[in-house]
Amino acid sequence: MKFLYLIYQICIGLPIFLVITILTALITILGCWLGDGHVWGYYPGKIWSQLTCRLFLLPIKVVGREHLDKKTSYVFVANHQGSFDIFLIYGFLGRNFKWMMKKSLRKLPFVGKACESAGFIFVDKSSPRKVYETIKHAEKVLQDGTSLMVFPEGARTFTGHMADFKKGAFLLADQLQLPVVPLTIDGSFDILPRTGKTLSWHPMKLTIHPAIYPIGKGEANLQKLMTESYQAIEKDLPPHYQGKRKNPDQ
């Protein structure tokens, strides 16, 4: 069965994926140039993500959508198991949002330009001033009533376990007094781990936890948001992926 799935993904899945990725990027770039970036910066990517998961025959389960209010802006934070985290969240979260992502992703052919056109936020860690500018740009996005999606670990796991959270997303939530919604991703690491070369068939599950609302403002609230988010995400991971591990590139 594994051999047949490997042949399928190489001969059928990958070629189709490359075509729909290029088409999605071009549609996003053109749509954002001609029309509403809020619409064209989200829906083409959502459809692309759903098609990708179905193309590779991956079962998806989402629980907890009832915890979200359509009129509320959130800072979404999730564990970062692997590359398929993006498809799971983008395709099945069911909320319009902007990604906060690594600056290096801007260099990806087609995709980088599409992300830039869609108004996604690229994190520049080259200097404290650049980090500050990134945070100020994110504040403007959130003030427009749009939600933000962040992987607070900053990088994909090497082991399936979670690593320490960085403060950036929680600082924004604290400064703007926005609720944080933790998301648990389960299964993405088993499909394509960071060191993997080919896909393995495995179901994915996205758990949307209740929002954590700020209490006060400052360091105590910041630590509360970080700690409660980490605990909420970790408790819905399988036992063999629970427990903290430090990533070498953190």
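## Exercises on a predicted model

In this predicted model, Gly196 counts as partly exposed, at 26% relative accessibility.

**Exercise 1. Locate Gly196 in the chain and state how far its C-alpha lies from that of Phe158.**

Solution. Begin with the secondary structure: Gly196 sits in the loop that runs between helix H8 (188-191) and strand E7 (204-208). Next, check the class of the residue against the cut-offs, under 20% for buried and over 50% for exposed; the value of 26% therefore places Gly196 in the partly exposed class. Finally, take the pair: Gly196 and Phe158 are separated by 38 residues in sequence, while their C-alpha atoms are 10.0 Å apart in space.

**Exercise 2. Determine whether the radius of gyration of the protein agrees with that of a compact globule.**

Solution. For 250 residues, the globule rule gives a radius of gyration near 18 Å, and because the protein has 18 Å, the two agree. The box filled by the C-alpha atoms, taken along the principal axes, is roughly 55 × 50 × 40 Å. Turning to the interior, buried residues make up 48% of the 250 residues, and 75% of the contacts with a separation of 6 or more join residues that are 24 or more positions apart. At the surface, the protein exposes about 12400 Å², of which carbon and sulfur atoms supply 63%. The secondary structure comprises nine helices and seven strands.

**Exercise 3. Describe the surroundings of Asn96, and decide whether this residue is buried or exposed.**

Solution. Asn96 belongs to the loop between helix H4 (84-92) and strand E3 (97-102). With a relative accessible area of 15%, Asn96 falls under the 20% cut-off and is therefore buried. A polar atom of its side chain lies 2.9 Å from the backbone oxygen of His38. When residues up to four places away in sequence are not counted, Asn96 touches His38, Tyr42, Tyr43, Thr146 and Ser147.

The helix before this loop can be treated in the next step. Of the nine residues of H4, eight are buried, so that the helix is mostly covered; among the buried residues are Phe84, Phe87, Leu88 and Phe92, together with Asp85. H4 is followed by Gly94, which has a positive phi near 85 degrees.

**Exercise 4. Identify the residue whose side chain makes a polar contact with the side chain of Thr184, and list the wider contacts of Thr184.**

Solution. Thr184 is part of strand E6, which spans residues 180-186, and a relative accessible area of 1% makes Thr184 buried. The polar contact, at 2.7 Å, is with the side chain of His209. Leaving aside neighbours within four places in sequence, the residues in contact with Thr184 include Asn79, Lys205, Leu206, Thr207 and His209, and also Ala232, Ile233, Asp236 and Leu237.

**Exercise 5. Find where Leu57 and Gln177 lie, and compare their phi values with the general expectation.**

Solution. The expectation is that most residues other than glycine have a negative phi. Leu57 departs from this, with a positive phi of about 60 degrees although it is not a glycine; Gln177, likewise not a glycine, has a positive phi near 55 degrees. As to position, Leu57 is found in the loop between helix H3 (43-55) and strand E1 (60-63), whereas Gln177 is found in the loop between helix H7 (168-176) and E6. Leu57 is partly exposed at 46% relative accessibility, and Gln177 is partly exposed with a relative accessible area of 34%.

Technical notes. Residues numbered from 1 in each chain as written. Predicted model: local features only at pLDDT ≥ 70, side-chain atom pairs only at ≥ 80, totals over all residues. Heavy atoms only, no water. Helix = DSSP H or I, 4+ residues; strand = E, 2+ residues; numbered from the N terminus. Rg over C-alpha atoms; globule rule 2.2 N^0.38 Å. Buried < 20%, exposed > 50% of the residue type's maximum accessible area, 1.4 Å probe, protein only. Contact = heavy atoms within 4.5 Å. Areas by Shrake-Rupley, 256 points an atom, 1.4 Å probe, with all protein chains shown as cover. Polar contact = N/O pair within 3.5 Å; in protein donor to acceptor, adjacent residues only side chain to side chain.
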